[in-house]
Amino acid sequence: MREFILGILLFAVALALMLPLTVINFVVVAFRGNGKGYFMNTAINLDRFGNYEFRTLWNVVLIRKDSPHRFGDFRETISSVLGKNQQAGTLSATGRVLAGLLDWIDEGHCSKCIIE
């Protein structure tokens with residue numbers, strides 16, 4: 001029980017620090033002249049984290065059970081797995097909605113994000 005409570009506390013501290021440290025880090029990076037792609041790189045890193053951390057949820061909700069392309073590889077983004085399943089025709093209804101939304105925001109997004 002102690003470990004569970006400690007985990008929750010550390011999780012809360014990490015979440016509380018994430019946004020302010022991101023802003024501070026961006027200011028430092030931008031001041032050094034390298035801020036142009038900062039938020040895109042951060043978004044990709046969060047996407048990879050989400051693909052790994054929420055793999056069980058995504059594998060249940062976004063794809064069919066018979067899908068050959070599963071979520072959970074830390075090197076891959078959620079969009080990449082969606083794109084592979086889009087091409088294989090193994091997205092669930094929820095997966096098709098999410099892929100459709102991403103493709104509406106950025107035409108062909110899921111296909112463009114496929115990592116082999």
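Cys113 has a relative accessibility of 23% and therefore counts as partly exposed, in what is a predicted model. Cys110, by contrast, has 0% relative accessibility and so counts as buried. The sulfur of Cys113 finds its closest cysteine sulfur in Cys110, at 6.8 Å, which is too far for a bond. Seen from the other side, the closest cysteine sulfur to that of Cys110 is in Cys113, again at 6.8 Å and too far for a bond, because a disulfide is taken to need two cysteine sulfur atoms within 2.5 Å. In keeping with this, a search of the whole structure finds 0 disulfides.

**The chain as a whole**

The chain is built from 6 helices and has 0 strands, and its pattern along the sequence reads α-α-α-α-α-α. For 116 residues the globule rule gives 13 Å, whereas the radius of gyration of the chain is 17 Å, well over that value, so the chain is more spread out than a compact globule. Taken along the principal axes, the box filled by the C-alpha atoms is roughly 45 × 45 × 25 Å.

Of the 116 residues in the chain, 28% are buried. The accessible surface amounts to about 8400 Å², and carbon and sulfur atoms account for 68% of that surface. When contacts between residues at least 6 apart in sequence are considered, 48% of them join residues at least 24 apart. The chain carries 12 positive and 10 negative charges, and the mean positions of these two sets are 3 Å apart.

**Helix α4 and its surroundings**

Which residues of α4 are buried? They are Ile78, Ser79, Ser80, Val81, Leu82, Gly83, Lys84 and Asn85, a list that includes the charged residue type Lys, counted as positive. Helix α4 covers residues 78–88 and is mostly covered, with 8 of its 11 residues buried. The buried residues of α4 pack against four helices, namely α2 (38–53), α3 (55–61), α5 (93–105) and α6 (109–112). After α4 comes Gly89, which has a positive phi near 70°.

**Two residues of helix α1**

Helix α1 spans residues 2–31 and contains Phe26, and Gly7 lies in helix α1 as well. Phe26 has a relative accessible area of 25% and is partly exposed, and Gly7, at 36% relative accessibility, also counts as partly exposed. Leaving aside residues up to four places away in sequence, Phe26 touches Gly35, Tyr38 and Phe39.

How far apart in space are Phe26 and Glu76, C-alpha to C-alpha? The two are 24 Å apart in space, with a sequence separation of 50 residues. For Gly7 and Arg96, which are 89 residues apart in sequence, the C-alpha to C-alpha distance is 34 Å.

The relative accessibilities given above for single residues are gathered here.

| Residue | Relative accessibility | Class |
|---|---|---|
| Gly7 | 36% | partly exposed |
| Phe26 | 25% | partly exposed |
| Cys110 | 0% | buried |
| Cys113 | 23% | partly exposed |

The classes follow from the cut-offs, because a residue counts as buried under 20% relative accessible area and as exposed over 50%, with partly exposed in between.

Note on methods: Residues numbered from 1 in each chain as written. Predicted model: local features only at pLDDT ≥ 70, side-chain atom pairs only at ≥ 80, totals over all residues. Heavy atoms only, no water. Helix = DSSP H or I, 4+ residues; strand = E, 2+ residues; numbered from the N terminus. Rg over C-alpha atoms; globule rule 2.2 N^0.38 Å. Buried < 20%, exposed > 50% of the residue type's maximum accessible area, 1.4 Å probe, protein only. Contact = heavy atoms within 4.5 Å. Areas by Shrake-Rupley, 256 points an atom, 1.4 Å probe, with all protein chains shown as cover. Charge placed at Lys NZ, Arg CZ, Asp CG, Glu CD.
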